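Thanks for coming. I will go through one structure this morning, part by part, and I will keep it short.

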Amino acid sequence: MSNAKWADVIGWALLAVLLVLALTSGDTYTLKVVLWISLNILAAAALRFVMLTGELNIATAAFWGVGAYVAAILTAWYKLPFFLSLLIGGLAPMLLSVLFGYVTLRTKGPYFMLISFAFTEVLRLIYTQTESIGGNSGMIGIYPPRWLDPYYSAIVVAIVAALLAVFFWLERGAFGKLLKAIQNNDAVTESVGIDVLKMKVICLAVASFAAGVGGALFAHANRVISPGDFSFLVAVYALAYVKIGGETQFSGAIIGAVLLTLLNQYVIAFGHYEHLFFGGAIVVAMLVLPNGLMGLFERVAIAFGGTRENAAPAARGGH
Amino acid sequence: MAGGTLLEASGISRSFGGLKAVSNLSFAVRENEILGLIGPNGAGKSTTFNLISGYYRPHAGKLTFAGRDITGFKPSKVGRLGLVRTFQHHSLLADLSVYENILTGAYMFVRDAAEREQRIRETAGLVGLTSHMDELAKNLPHGHQRLLSIAIAFASRPKLLCLDEPLTGLNGAEINHALDVIRRIRDDFGTTILLVDHNIRAVMRTCGRIVVLNFGEKLAEGSPEDVSRNPEVIRAYLGGGTA
């Protein structure tokens, strides 16, 4: 089995462990940690999906927030069934992302990143100024149905796993290859008839649906949401997970989120210095782990006699 | 061999700042021919390519392709209509495998998976990259990279294939192979080809007709023999004093 396949197995195995823990553990603390890890995996995977086209989409945080507010309003005010609010919590940011993407994805690189950052902060400021949704202090009383409460962590892991399966399937297929083609060279991709803007918008829409569902799950897990929960930092944390896990592998987002969320249980004691920890982790990862932990695993595997996927011609005995 | 007109540029112009990169240029590409486009550095060859393939919008003039006005169309739309170009620089998807590069070229044109697979194999075979399918494009030797950029474009089976300096940096044997591939694309598939290259001898050898550009305008047009005897062309290339 090639390293790439092993890497995928690591990711799915971690999700399976989370699901087993969520189903079997009676410990409230363990259930909470499993829940936060799963949500962080989803945020990281949503961020990474757009990174396949080469864009760093800070607005992952914005769509996460829209999903949270929409679902919160639907369950807390209109008493809609939980799963229906969850679905609409995904669809609403997805539609918004189509409009946002159609206008902004004509730019790329630092320009798109800055626009997506500004968009995120503008939405956050709108929440703080909108008294009907609680303004600065946010909304309270966002409960999942009572019968679901004991299984909430398990439901979250299951939904996250299902959304990741969609990401995985899309990335593996021709669609994912085209996204990588766009990242590599959008001019060449465009020349053979592929509407690059449309592809990027579709990619963003899929990621934003997942981010919105993530935000909705977050709102019902926290019971309380406020604008501060949806600043650009949501995307920065997700970026830390992706970078430390390893950007090029699907499992990178999973392993990075698992590891950093666990570590964060200890750093949280540092209070506000927790941000320093994430910043520092990104810097260290960029310096010593060019492709994160997955890259490290790969190097170790090669050192023990494995072969690199897509080896250079020389490594395969010439051409 | 000379059929109808496949691509017609009438009076296209494009300037950058004060510089007229292409000025009131008219030419036609006939069906099933290999038309060469040559000219000294800065003559406007690349701008012409970008204009006809939709990467630049002409400031004036009209482009007609297969009987349809394509002026101002997006590159992807021009590509879907069957006018596909290669690139002089950054002509590949460097981090993708040879297979994935060719897949990208075929994607919009072959929806059926089995048929697409067949298309990818056939295209790789044509340029001689069948045994390199899993290699990353960036790891290929330069000669193979140039062939791969042709393969990406030709995987779409265009009506008009525009090749932007496909011979740059190739050695003698590689040039012959590339020219052979180009001729087979025309002869076996009936594809019309527009060829830009600095290798004048290779262009003369391969093309039925040649258009010569200088300072963004058409300097001459005709058979390789006519063009190579044209005193204005000789002066443009040698930088004669009266120009």
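**A walk through chains A and B**

Before anything else, please keep in mind that this is a predicted model.

I will start in chain B, with a helix on a sheet. Helix α1, residues 45–52 of chain B, lies across three strands of that chain, namely β1, β2 and β4, the last of these being residues 60–65. Relative to β2(B), the helix runs at about 65°.

Now the sheet itself. In chain B, 4 strands make up an open sheet, and going across it the order is β2-β1-β4-β5, with antiparallel pairing. Which strands stand at the edges? They are β2, residues 19–30, and β5, residues 68–69, both of chain B. Each has a single partner strand, so one side of each is left without a neighbour in the sheet.

Take the pair β1 and β2 of chain B. Strand β1 covers residues 5–16, and 8 bridges join it to β2(B), the two running antiparallel. To pick out one position, B:I12 has B:L25 in β2(B) as its bridge partner.

Following the chain on from there, B:E31 sits in the loop between β2 and β3 of chain B, where β3 is residues 34–38. Is B:E31 buried, exposed or partly exposed? Its relative accessible area is 39%, so B:E31 counts as partly exposed. B:E31 and B:L7 are 24 residues apart along the chain, and their C-alpha atoms are separated by 8.3 Å.

Next, the nonpolar interior. The largest nonpolar core has 151 residues, and those with the most contacts inside it include A:I41, A:L164 and B:L148. Helix α9 of chain A, residues 196–222, gives the most to this core, with 16 residues. A second core, of 26 residues, lies apart from it, and B:L25 is among its members, as are B:A43, B:F73 and B:L194. That is the B:L25 we met as the bridge partner of B:I12.

Back to A:I41 for a moment. Leaving aside neighbours within four places in sequence, A:I41 is in contact with A:L15, A:L18, A:V160, A:L164, A:I254, A:A257 and A:V258.

Last, how the two chains meet. On the chain B side, 32 residues are in contact with 22 residues of chain A. The chains bury about 2300 Å² between them, with 65% of that on carbon and sulfur atoms. How many salt bridges are there between chain B and chain A? The count is 2. A:D195 forms a salt bridge with B:K74, and their closest N and O atoms are 3.2 Å apart.

Conventions
Residues are numbered from 1 along each chain as its sequence is written. Chains are lettered from A and ligands numbered from 1 in the order in which they are written. This is a predicted model: local features need pLDDT of at least 70, side-chain atom pairs count only at pLDDT 80 or more; totals for chains, interfaces and linings use all residues. Side-chain values use heavy atoms; hydrogens and water are left out. Two strands pair if DSSP finds at least two bridges between them. Contact means heavy atoms within 4.5 Å. Axes are lines fitted to C-alpha atoms, for helices over the stretch in contact, and angles run from 0 to 180 degrees between N-to-C directions. A nonpolar core is a set of buried Ala, Val, Leu, Ile, Met, Phe, Trp, Tyr and Cys residues joined through side-chain atoms within 4.5 Å. Buried means under 20% relative accessible area, exposed over 50%, partly exposed in between (1.4 Å probe, protein chains only). Buried area is the accessible area (1.4 Å probe) that two parts lose on being put together, summed over both. A salt bridge is a side-chain nitrogen of Lys or Arg within 4 Å of a carboxyl oxygen of Asp or Glu.
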